[in-house]
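Work through the exercises below with the sequence and the coordinates at hand. Each task is followed by a solution in steps.

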Amino acid sequence: HDKKDELAIRFYPEGGNLICGLESRMAFTLTDTEGYPLSAECLFKDSEGKVLYCTSTDSLGRGVANVRPDGKVSTMAVQTDAEKAKWEEFALPEALQSGCALRMQIVKGDIVTADISTTADFYGRMLGYALVNGGNIVECDTFSVSAGIMRIDFDRNKLPAGVNQLT
């Protein structure tokens, strides 16, 4: 996590890491240095300073954005007080040069979808996944990686109650 003056920010890339060239959803929390949530306007910028995405935090200091790291330092600018027009800049987590990006979403009513994209060095390789609930494997399988987005669908009605983790 990063702190500037009176702000503290934590980033949570979906799937664990940002990967160069792959779009990822990234959650974040913004608090003061004592841990109290802050509402703010947020701008995500590329390595050239161009604004890519605008969002804001909710009343609990939480926000989410889609980011596609370019391998250079990218930042998020935060403005908590529009009257002061003061912006604080935070570096995004460093992106890995190689890896897989995971994006979970509900596509149609009862279908939960895992979209997986990878860097080119994974093409042709075999990968596996496991869906776990309470320490028990609910579903597992392997797949061959190809260009583009690979999709795995799960029926929400067949998932056990509680937290389900996909690894």
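A residue counts as buried under 20% relative accessible area, as exposed over 50%, and as partly exposed in between. The model used here is predicted.

**Exercise 1. Overall make-up**

Task: Determine how many helices and strands the chain has, and describe its extent and surface.

Solution.
1. The count gives zero helices and 14 strands.
2. The C-alpha atoms occupy a box of roughly 55 × 35 × 25 Å along the principal axes.
3. Of the 167 residues in the chain, 37% are buried.
4. The exposed area is about 9,800 Å², and carbon and sulfur atoms supply 49% of it.
5. Among contacts with a separation of 6 or more, 54% join residues 24 or more positions apart.

**Exercise 2. Charges**

Task: State how many positive and negative charges the chain carries and how far apart their mean positions are.

Solution.
1. The chain has 17 positive and 24 negative charges.
2. The mean positions of the two sets are 3 Å apart.

**Exercise 3. The pair E89 and K45**

Task: Classify E89 and K45 as buried, partly exposed or exposed, and describe the salt bridge between them.

Solution.
1. The closest N and O atoms of E89 and K45 are 3.0 Å apart, within the 4 Å limit for a salt bridge.
2. This pair links distant parts of the chain: E89 belongs to strand β8 (residues 88–91) and K45 to strand β4, with the two positions 44 residues apart in sequence.
3. E89 has 30% relative accessibility, so E89 is partly exposed.
4. K45 is at 18%, and therefore counts as buried.

**Exercise 4. Other salt bridges**

Task: Find how many salt bridges the whole structure holds, and examine R62 with D58 and R151 with D115.

Solution.
1. A search of the whole structure returns six salt bridges.
2. For R62 and D58 the closest N and O atoms lie 3.3 Å apart.
3. R62 is partly exposed because its relative accessible area is 44%; D58, at 30%, is also partly exposed.
4. For R151 and D115 the N to O distance is 2.8 Å.
5. That pair links distant parts of the chain, with R151 in strand β13 and D115 in strand β10 (residues 111–118), 36 residues apart.
6. D115 has 9% relative accessibility and so counts as buried.
7. Salt bridges with shared partners also join E23, R68 and R103 into one network.

**Exercise 5. Three buried strand residues**

Task: For L43, Q79 and I152, give the strand, then the burial and the contacts beyond four places in sequence.

Solution.
1. L43 sits in strand β4 (residues 41–45). Its relative accessibility is 19%, so L43 is buried.
2. L43 is in contact with V51, Y53, C54, T75, M76, A77 and W87. One of these, T75, is 32 residues away in sequence and 8.3 Å away from C-alpha to C-alpha.
3. Q79 is in strand β7 (residues 75–79). At 12% relative accessibility, Q79 is buried.
4. The contacts of Q79 are A40, E41, A85, K86 and W87.
5. I152 is part of strand β13 (residues 150–155). With a relative accessible area of 11%, I152 is buried.
6. I152 touches V112, T113, A114, I116, Y129 and F143. The C-alpha atoms of I152 and I111 are 9.9 Å apart, across 41 residues of sequence.

Notes. Residues numbered from 1 in each chain as written. Predicted model: local features only at pLDDT ≥ 70, side-chain atom pairs only at ≥ 80, totals over all residues. Heavy atoms only, no water. Buried < 20%, exposed > 50% of the residue type's maximum accessible area, 1.4 Å probe, protein only. Contact = heavy atoms within 4.5 Å. Areas by Shrake-Rupley, 256 points an atom, 1.4 Å probe, with all protein chains shown as cover. Lys, Arg positive; Asp, Glu negative; His and termini not counted. Charge placed at Lys NZ, Arg CZ, Asp CG, Glu CD. Salt bridge = Lys/Arg side-chain N within 4 Å of Asp/Glu carboxyl O.
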